[in-house]
Amino acid sequence: MPVRVELIDDAIADLAKHAESGKLKSFFKKLLEIEAHGSQAGEPLGRDLVGWRKITVGDRDWRIVFRVDKSETVATVCVIGDRDDGACYEEAKKRAVDLDDDDAASLAESMMELFGSRKERKAAQKRRAAEAAKN
């Protein structure tokens, strides 16, 4: 069953950092794989990240760390990072502690923030901030 993929602000920033790598198409393919397969995508993580999953991008060069909610309708991406396992997973643990899924943006909104005009990016950021303030 397809799920809605959402990225927290830090994950959008991670993706923006990787935009210069020329690998964005590979990242988006994996995000679409998460959308299509939900909790069946990637591999489960253990230790301090039980309930989270990882999916590799490229020749295992990068990781996307995400979790799927209990109703299996939303996958929240926490980290898009380099393969340096220690750093990537430590960052995921830090972000998971403070994670509020209401602060996540849809995949489409995330793309707008990355690729839209400056005006469109600011509008998307304002819209998300207003929604967060309501909650």
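**Exercise 1. The nonpolar core**

Find how many residues the largest nonpolar core has, and which of them have the most contacts inside it.

*Solution.* In this predicted model, the largest nonpolar core has 33 residues. The ones with the most contacts inside it are L7, F27, I34, I64, V65, F66 and V77. Next, look at where the core comes from: strand 1 (4-7), helix 1 (9-18), helix 2, strand 3, strand 4, strand 5 and helix 3 each supply at least two of its residues. To set this against the whole protein, note that 41% of its 135 residues count as buried.

**Exercise 2. The order of the elements**

Work out how many helices and strands the protein has, and in what order the elements run from the N terminus.

*Solution.* Start with the count: there are five helices and six strands. Then walk along the chain from the N terminus, and you meet the elements as β-α-α-β-β-β-β-α-β-α-α. Finally, ask how much of the contact pattern joins residues 24 or more positions apart: among contacts with a separation of 6 or more, these make up 57%.

**Exercise 3. Strand 4 and its partners**

Is strand 4 largely enclosed or open? Then describe how it is joined to strand 3 and to strand 5.

*Solution.* First, burial. Six of the seven residues of strand 4 are buried, so the strand is largely enclosed by the rest of the structure.

Second, the side towards strand 3 (residues 53-57). Five bridges join strand 3 and strand 4, and the two run antiparallel. Here R53 stands opposite F66. The two strands form a hairpin with four residues between them, and G58 in the turn has a positive phi of about 70°.

Third, the side towards strand 5 (residues 74-82). Seven bridges join strand 4 and strand 5, which also run antiparallel. On this side, I64 stands opposite I80. This hairpin has five residues between the strands, and E72 takes a positive phi near 60°.

Now zoom in on I64. Beyond its neighbours within four places in sequence, I64 is in contact with a list of residues including F27, I34, R53, I55, V77 and I80.

**Exercise 4. The aromatic pair**

Find which residues form the aromatic pair, and how their rings are arranged.

*Solution.* The count comes to one aromatic pair. F27 and W62 form it, with 5.5 Å from centre to centre. The angle between the planes is 55°, and the pair is tilted. Now place the partners: F27 is in helix 2 (residues 24-37) and W62 in strand 4 (residues 62-68). With their positions 35 residues apart, the pair links distant parts of the chain. To check burial, use the cut-off of under 20% relative accessible area. F27 has 0% and is therefore buried; W62 has 10% and is therefore buried too.

**Exercise 5. One face of helix 1**

List the buried residues of helix 1, and say where they lie when seen down the helix axis.

*Solution.* The buried residues are A11, I12, D14, L15 and H18. Seen down the axis of helix 1, they fall within an arc of 155°, so they line one face of the helix. A general rule helps here: an α-helix has 3.6 residues a turn, so residues three or four places apart point the same way.

**Exercise 6. Around A96**

Find which element holds A96, and which residues it is in contact with beyond its sequence neighbours.

*Solution.* A96 is in helix 3 (residues 85-97). Leaving aside neighbours within four places in sequence, A96 is in contact with W52 and C78. As a last step, compare sequence with space: A96 and D48 are 48 residues apart in sequence, and their C-alpha atoms are 9.7 Å apart.

Technical notes:
Residues are numbered from 1 along each chain as its sequence is written. This is a predicted model: local features need pLDDT of at least 70, side-chain atom pairs count only at pLDDT 80 or more; totals for chains, interfaces and linings use all residues. Side-chain values use heavy atoms; hydrogens and water are left out. Contact means heavy atoms within 4.5 Å. Rings of Phe, Tyr and Trp (its six-membered ring) pair if their centres lie within 6.5 Å; planes under 30 degrees apart count as stacked, over 60 as edge-to-face and the rest as tilted. Buried means under 20% relative accessible area, exposed over 50%, partly exposed in between (1.4 Å probe, protein chains only). Two strands pair if DSSP finds at least two bridges between them. A nonpolar core is a set of buried Ala, Val, Leu, Ile, Met, Phe, Trp, Tyr and Cys residues joined through side-chain atoms within 4.5 Å. The arc is that of the directions from the helix axis to the C-beta atoms.
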